[in-house]
Amino acid sequence: MHLLNFFIQKSDVRSLFSARNRTGRAVLFYLVIAGIWFFCTSRIIDQFLTDTQNRVWAQTVQGWVLIALSSVILFILLRQSQARSDGDTDRSDFDPLRFEGVMQMVPVGMAVVRDQVIMTANARLSGITGYEQEELIGMNCCLLYAEAGTCEADMTRRLQERRDSETGALLSRWVRKDGAIVPVRLHFSLLNPANPKAGLLFTVTDTTASGMTEVILAQQKDLYRFFVQSADDGILICDRTGTVLLANQAVCNLLCLTNREVVGQLITSLPLTMPDRSVWPFFRDQMRQGQTVRVDGILAAAADMKRPVDVRIMAVSDGSYLLVFQDVTRSSVIEKALRESEEKFALAFASSTDAILISRLTDGVLVETNRGFTELTGYSREEAVGLSTVQLQLWSDPADRDRLISQLYARGYCENMEAVFRCKDGSCGTGSITSRLLELNDVLHVVSTIRDITKRKQTEIDLKRLEVAIEQAGEVVVITDIDGSIVYANPAFSKVTGYTREEVLGKNPRVLKSGEHDEAFYQELWRVISSGNTWNGRMVNRKKDGTLYTEEATISPIINQQGHIVNYVAIKRDITAHLKLEAQYLHAQKMESIGRLTSGVAHDFNNILTVIIGYCEMAMTKAGSGLPVCSDLEEIHKASLRSADIVGQLRTFSRNQPVSPKFIDLNETVAGVLSMLQRSIGERIELLWQPGEDLPLVRMDPGQLDQVLVNLCVNARDAVQSSGLITLRTGCVHLDAAYCAERDGLVPGQYVGLYVTDTGCGIDPALLDRIFEPFFTTKGVLGTGLGLSTVYGIVQQNKGCVDVQSTPGQGTTFLVYLPVHDPDKMTGHSATHNVPSQGQGERVLLVEGDSSVLALGQFILENLGYRVMTAATPERALQLVEHHGMGFDLLVTDLFMPFMSGKELAARLKSRYPGLKVVFMSSGTAGVTGNGREGASDGCFLQKPFTLTTMAESVRSALAVC
């Protein structure tokens with residue numbers, strides 16, 4: 001009531017201000033019009049009238065017009081004021097505008113009518129009639145009626161007929177602004193009962209929907225009455241005082257009373273025992289909240305007959321109570337099952353992780369959704385209900401909905417149809433839809449369950465991709481069951497083992513068993529994987545053709561969600577070739593280590609041999625040829641030179657000897673290594689040497705030739721195996737064009753042939769085309785497959801060719817052809833220099849880390865006529881250069897020294913003295929220095945061990961270079 005008074009007071013204030021505002025707006029309007037009139041006419045007078053008399057006349061007219069306009073407006077205001085005053089008198093000071101605020105708040109159409117004129121109307125009435133509020137105010141209300149005889153006069157007459165009431169109601173038909181006929185219910189009352197002329201206040205309700213609703217309610221009322229009377233459960237309806245208003249036959253039967261004996265009685269007078277009254281306030285609170293109270297009661301129709309009943313009590317909106325009695329002695333089991341079924345259905349519908357929605361079949365409008373639908377699509381129930389799936393844009397492809405509807409029309413159901421749906425946030429997923437037709441209120445509906453299979457589809461894609469990857473993988477993948485039987489093998493398995501997939505499915509992997517491992521190996525493997533762990537290791541298996549191969553395997557158990565092993569998966573890789581490469585790599589590393597060791601030993605040994613040879617030659621020079629000691633010195637000299645050759649051969653065998661081609665006699669070179677070859681092949685195999693006569697010279701590095709001989713003889717030794725014969729022979733041969741055409745790069749002409757023949761097992765003809773391939777070997781793990789490929793590469797490098805002739809069981813012959821060079825080109829190289837070249841007093845700086853070699857070099861150079869200064873280190877050499885500013889003519893330095901190489905020392909000195917000549921010394925060959933020889937000729941490199949003559953020639957050649 002206080003809230004209503006508050007709004008009425010506020011409305012009074014607004015009405016007051018509204019009345020004042022009308023007058024104020026009129027005055028403001030008058031001022032604006034007058035100002036505009038005065039301004040515009042003054043401008044026209046000033047612009048068009050230049051004569052003074054005309055201007056005065058025009059201004060007079062201007063003033064009279066303004067006075068006339070003022071009089072008209074004043075007259076209108078006075079009439080309106082008088083009209084309002086008369087209206088106030090007729091209404092006994094009752095102003096309908098006071099209710100304007102309340103009228104705008106009510107949910108029905110409302111208006112005030114006086115003398116059939118609408119004085120005020122709210123927005124709801126505007127919505128019913130189609131007229132704006134401004135159009136309704138001042139309109140004759142009779143224009144709204146479809147029947148001309150119904151108007152305000154009829155309302156007043158009906159009020160007069162009902163003398164005991166100041167209100168009335170009327171059903172009528174109104175005409176909307178657009179011409180449509182609207183059935184309405186009018187409720188009206190007099191504004192002032194003492195003065196009916198003050199007008200009417202009426203409310204309008206559109207009965208278009210309510211009329212149908214009343215019919216439906218009436219039908220439902222009859223239907224409900226029928227259900228109540230025919231229900232098996234007892235039903236009572238009581239008012240708020242507890243008086244029984246309605247009782248069905250079932251409850252009368254339970255009470256053993258007639259309907260007349262029950263209706264009108266207080267429920268407390270019935271033979272019904274209910275819970276203690278102290279809990280009733282709690283029950284009332286529950287019922288006020290719309291909850292159903294369920295209690296256990298006892299009906300005592302007779303002293304000796306008591307029936308336990310289940311009583312459900314609920315409050316009705318009109319204040320009455322509905323009580324439902326069920327005899328639990330007869331239907332407790334059925335009721336419990338039904339209740340549980342309903343609860344389960346409600347719980348399943350509400351808490352299902354799948355989306356469940358009910359929609360009309362005709363237009364797809366949703367009438368109910370569950371929480372799973374919200375979680376799946378992002379649309380809440382409030383957002384979805386009332387809209388169709390098309391409006392929500394749930395179908396990514398509208399054709400999917402058409403497909404679903406066509407299946408429902410054809411079969412009445414749809415099972416597991418996959419479709420892509422769109423969520424509220426725009427993302428898409430894949431759902432499996434199962435739908436059924438359901439008739440609700442004579443309208444076909446569709447109950448659909450959508451299961452989100454987006455992850456499953458992605459998993460299927462991933463599994464398909466994984467399957468393709470496994471099928472195309474280079475590694476072998478085998479899956480077995482828990483008993484070890486093969487259930488899957490990828491194509492790589494067939495490629496490696498030779499067994500097809502069909503041949504091994506259902507069999508145990510022991511079909512690959514090679515016998516190389518004992519039973520303890522397999523027992524340990526099975527123990528590891530059966531305990532749930534992963535086994536990693538290598539094993540030797542046997543292919544279908546009997547060939548053994550080594551594989552690296554990882555075998556793991558596949559464990560399900562319950563923690564049980566269901567399968568085993570093995571991922572295996574054939575590493576036979578890898579192991580061979582690994583062995584070859586280790587062999588190469590071993591040879592490289594031996595080469596580095598040999599090179600280091602050879603460097604130091606060559607320094608010692610340099611001292612021995614040098615001093616031996618000096619002693620031979622001093623002793624002369626007539627003394628008996630000369631023969632001893634010559635033997636020492638020869639032994640030293642042979643030692644130097646042995647060191648060179650060691651470097652060649654370790655592949656640390658750089659290529660240095662020379663013109664050589666093939667017979668002399670082969671004869672020089674026969675003893676070493678005999679030691680290489682062993683004493684059980686005889687080595688026969690058959691040199692050819694008058695062989696021309698060939699140009700080749702002697703070390704390479706030694707390498708060819710050793711590889712061929714070792715290969716022949718392995719073919720002979722125990723005892724036999726290896727024959728080495730040489731000879732001249734002419735290769736014609738037909739022979740050379742079959743071999744790439746070979747030129748017809750004269751060649752020197754080297755033939756290595758053995759009496760071994762021979763070579764299989766199927767392997768003859770592959771024996772020169774790198775890493776190809778028939779010796780298993782004992783061979784590297786590099787021997788014959790090395791021979792082939794060396795011969796090809798020297799523009800020759802190598803061929804093979806073999807008969808299985810009778811032996812093999814390798815034929816090496818080396819081209820003959822023009823003898824005229826060898827003239828300059830065949831000359832020997834027995835007399836050392838003498839110096840002319842040139843200044844020589846000798847740098848050598850070995851003190852013995854340093855002393856020998858100084859002694860030789862000084863005896864040759866050079867002025868020599870020595871330094872044991874590059875740092876000492878730089879100090880000498882700084883001290884002797886005049887510099888030196890020649891630098892003789894060892895290439896390899898600690899902290900600074902001979903090449904670096906020469907570069908620093910030549911930057912200061914550009915004309916400085918350099919001779920490098922080393923235990924290696926000239927090729928070791930590579931580009932470090934700074935463009936010098938062969939005479940600028942001194943090979944250790946050197947003789948007096950070679951050192952003299954190297955020094956003289958370096959000084960002779962311009």
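**Nonpolar cores and strand pairing in the predicted model**

Residues up to four places away in sequence aside, L677 touches L687, L709, V710, C713 and L728. The structure described here is a predicted model. L677 also belongs to the largest nonpolar core, which has 37 residues. Within this core, L677, L712, L728, F814 and V816 are the members that touch the most others. Helix α23 supplies eight residues, the largest share of the core. A second core, separate from this one, contains 25 residues, among them V844, L856, Y866 and V955.

An open sheet of five strands has the order β23-β25-β26-β28-β27, with mixed pairing. Its edges are formed by β23 (685-690) and β27 (801-807), each of which pairs on one side only. From one strand to the next, the twist averages 20 degrees. Helix α22, spanning residues 674-681, packs on the sheet and touches β23 and β25. The direction of α22 makes about 155 degrees with that of β23. Helix α23, which covers residues 702-720, lies across β23, β25, β26 and β28 (811-819). Relative to β26, α23 runs at about 35 degrees.

In general, the strands of a sheet pair through backbone hydrogen bonds, in either a parallel or an antiparallel arrangement. Within the five-stranded sheet, β25 (residues 724-735) and β26 (residues 749-758) pair in the antiparallel sense, and 10 bridges connect them. One of the residues paired here is G731, whose bridge partner in β26 is G753.

Antiparallel pairing is also found for strands β17, β20 and β21. Strand β17 (residues 476-481) pairs with β21 (residues 565-574) over six bridges. For V476, the bridge partner in β21 is K572. Strand β21 is also joined to β20 (residues 548-559), in this case by nine bridges. P557 has Y568 of β21 as its bridge partner. Strands β20 and β21 form a hairpin with five residues between the strands. In this hairpin, G563 takes a positive phi near 85 degrees.

Taken together, the sheet and the largest core have helix α23 in common: the helix lies across four named strands, β23, β25, β26 and β28, and contributes eight residues to the core.

Definitions and conventions
Residues are numbered from 1 along each chain as its sequence is written. This is a predicted model: local features need pLDDT of at least 70, side-chain atom pairs count only at pLDDT 80 or more; totals for chains, interfaces and linings use all residues. Side-chain values use heavy atoms; hydrogens and water are left out. Two strands pair if DSSP finds at least two bridges between them. Helices (H or I, at least four residues) and strands (E, at least two) are DSSP runs, numbered from the N terminus. Axes are lines fitted to C-alpha atoms, for helices over the stretch in contact, and angles run from 0 to 180 degrees between N-to-C directions. Contact means heavy atoms within 4.5 Å. A nonpolar core is a set of buried Ala, Val, Leu, Ile, Met, Phe, Trp, Tyr and Cys residues joined through side-chain atoms within 4.5 Å. Buried means under 20% relative accessible area, exposed over 50%, partly exposed in between (1.4 Å probe, protein chains only).
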